[in-house]
Amino acid sequence: MDRIRIVGGRKLEGNIQISGAKNAALPLMIAALLTEETLTLENTPSVADVGMLLRILSHHGVDYSVDGRRPGDQPHAARTLHLSARRIVDITAPYDLVSKMRASFWVIAPLLARMGEARVSLPGGCAIGTRPVDLLLMVLEKLGATIEIEAGYVHARAAKGLVGAEIDFPKVTVSGTHTALMAASLAKGHTLIKNAACEPEIADVAACLVKMGAKIKGAGQSVIEIEGVASLSGAHHTVLPDRIETGTYAMAVAMTGGDVLLEGAEPDLLRNALDVIGMAGAEISTNNLGIRVRRNGASLSPVDVTTAPFPGFPTDLQAQFMALMTKANGRSRITETIFENRFMHVQELARLGAHIRLDGDIAIVDGVAELQGAPVMATDLRASVSLVIAALAARGESIVNRVYHLDRGFEHLEKKLGGCGAVIERISGSN
Ligand code: UD1
């Protein structure tokens, strides 16, 4: 198992190219199941989750090709995927594939909408709470499917096709909204989605579906209207920049000090987080190349944050922000409202010398003057990168174990940080 070795204490200086958003790329790839024609996706990040989803999609019969890198391209140049689901050969998504990546459960919507039937294993994925799929199943039932759960599988059927309906989410859910968008695009008639998730990745997927011929209005807002169509066509779409990667590197710079241009980053995708990082003491400015983050000399101030659906502070930046606050000049409170059990990084940050106390869904962080390097263990995707951020600012050497969590969602992390002066290297190995 690979590990990452970091020697902390260096300021970050330079440029980091922001990749395409993993959380848009995954549902966009799944949307390829909706059409017989080819869907081309540009700016797809080269991360393990994308590779895993390609395996899952090919199991269903999707042919794919990945454009090679061209001479002169940067090593981090993103990939173009061509996905073609001309013939679906299997409507079952088996446990051994779905259990490796939770978002692959989402294939249930396009398979059902196009084939009238889908059999998908209940998911696994990140160890952050129970993460049910009840609202995804509610969506499919509202659209006319019958659902049976048998031996760990969800069997969804709609022999005569799905039919448009009103879907009112009792809670904001990204996965539920993606499911509703994909299924309703091929349902007969009109669908009204209320209390939809407003995350930018939803709007990005909807924009692609519209290019494919779907009739969708209001995506990116809490009420979405869809007029179903009989079939969808191929399209060409560019994945939007990754706001979580952007916020992560912005926090890394705020943590170590320095001056970094996050190239290709879009400030509108993370206003709330940028404001918070600014309040903590970093200078944030934007230009037509991206977002520049600087901190030179100023100490870090404590800031209280509460995670919330977009446009609020993202839960996917909570762990990284907690790492930043471990060196703030005072006490901050970080409240997690989206996922239970999303504080697994706390124990590991403590190994680096952080002072954090948990009180239910609130973490109370008392900033310390100095963190000290130590061996730590990555526990989930975002938690693991919070350990990297803390290690970059800690005195001495840290080893981050179980790096496969990081590889799921961060493209060339050590190259990007190393290019800005961090002492960071990957140690390949079996232990
Ligand atoms: C997506 C993101 C993830 C991010 C999360 C919240 C992807 C691949 N993943 O996850 O990185 O942290 O949004 O921004 O895009 N819920 C239910 N029943 C359901 C579905 C969800 O109760 O059927 C609950 C969840 O347990 C959670 C909340 O709703 O408490 C939000 O979950 P959701 O927005 O669906 O997250 P994901 O789409 O799984």
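The largest share of the shell around the ligand, three residues, comes from helix α5. That makes the ligand a good place to begin a tour of this structure, which is a predicted model. From there we can visit two open sheets, each built from four strands, and finish with two local details of the backbone, at P311 and at N195.

**The ligand and its surroundings**

- Start by finding two helices in the view: α5 (134-142) and α6 (174-185) each give at least two residues to the shell around the ligand.
- There are 19 residues around the ligand, and the ones that come nearest are D134, L135, S175, D316 and I338.
- Sorted by class, this shell holds nine nonpolar, four polar and six charged residues.
- Why does the ligand lie between two domains? Both domain 1 (3-19 + 241-427) and domain 2 (22-235) give residues to the shell, so the ligand lies between them.

**Polar contacts of the ligand**

- S175 is worth a second look: an N or O atom in its side chain is 2.6 Å from an oxygen atom of the ligand.
- The side chain of T173 also takes part, with an N or O atom 2.8 Å from a ligand oxygen.
- P132 uses its backbone instead, where a polar atom sits 3.3 Å from an oxygen atom of the ligand.
- How much of the ligand is buried by the protein? On its own the ligand exposes 740 Å², and the protein buries 89% of that.

**The sheet with β2, β15, β17 and β16**

- Follow the strands across this open sheet and you meet them in the order β2-β15-β17-β16, with mixed pairing.
- The edges belong to β2 (12-17) and β16 (283-287); each has a single partner strand, so one side of each is left without a neighbour in the sheet.
- From one strand to the next, the twist averages 15°.
- Inside the sheet, β15 (residues 258-263) and β17 (residues 290-295) run antiparallel and are joined by six bridges.
- To see that pairing for yourself, look for L261, which stands opposite R292 in β17.
- On its way to the edge, the sheet has another antiparallel pair, β16 and β17, joined by five bridges.
- In this pair, E283 stands opposite R294 in β17.
- β16 and β17 also form a hairpin, with two residues between the strands.

**The sheet with β4, β5, β3 and β14**

- This open sheet has four strands as well, in the order β4-β5-β3-β14, and its pairing is mixed.
- Which strands pair on one side only? They are the edge strands, β4 (63-66) and β14 (235-238).
- On average, and ignoring direction, neighbouring strands here are turned by 15° against each other.
- Strand β3 (residues 38-44) pairs with β14 in the parallel sense, over four bridges.
- In that parallel pair, L39 stands opposite A235 in β14.
- β3 also runs antiparallel to β5 (residues 79-84), and five bridges join the two strands.
- Here the residues to look for are L41 and, opposite it in β5, L81.

**Two backbone details**

- Most residues other than glycine have a negative phi, and most peptide bonds are trans.
- Against that background, F310 and P311 stand out: a cis peptide bond joins them, with omega at about 10°.
- Where is P311 found? P311 is in the loop between β18 (305-306) and α10 (318-325).
- N195 is the other detail: although N195 is not a glycine, its phi is positive, near 55°.
- N195 also lies in a loop, the one between β11 (190-194) and α7 (200-211).

Conventions
Residues numbered from 1 in each chain as written. Predicted model: local features only at pLDDT ≥ 70, side-chain atom pairs only at ≥ 80, totals over all residues. Heavy atoms only, no water. Pairing = 2+ DSSP bridges. Axes fitted to C-alpha atoms, helices over the stretch in contact; angles between N-to-C directions. Near = heavy atom within 4 Å. Polar contact = N/O pair within 3.5 Å; in protein donor to acceptor, adjacent residues only side chain to side chain. Areas by Shrake-Rupley, 256 points an atom, 1.4 Å probe, with all protein chains shown as cover. Nonpolar A, V, L, I, M, F, W, Y, C, P; charged D, E, K, R; others polar. Domains from an automatic or database assignment.
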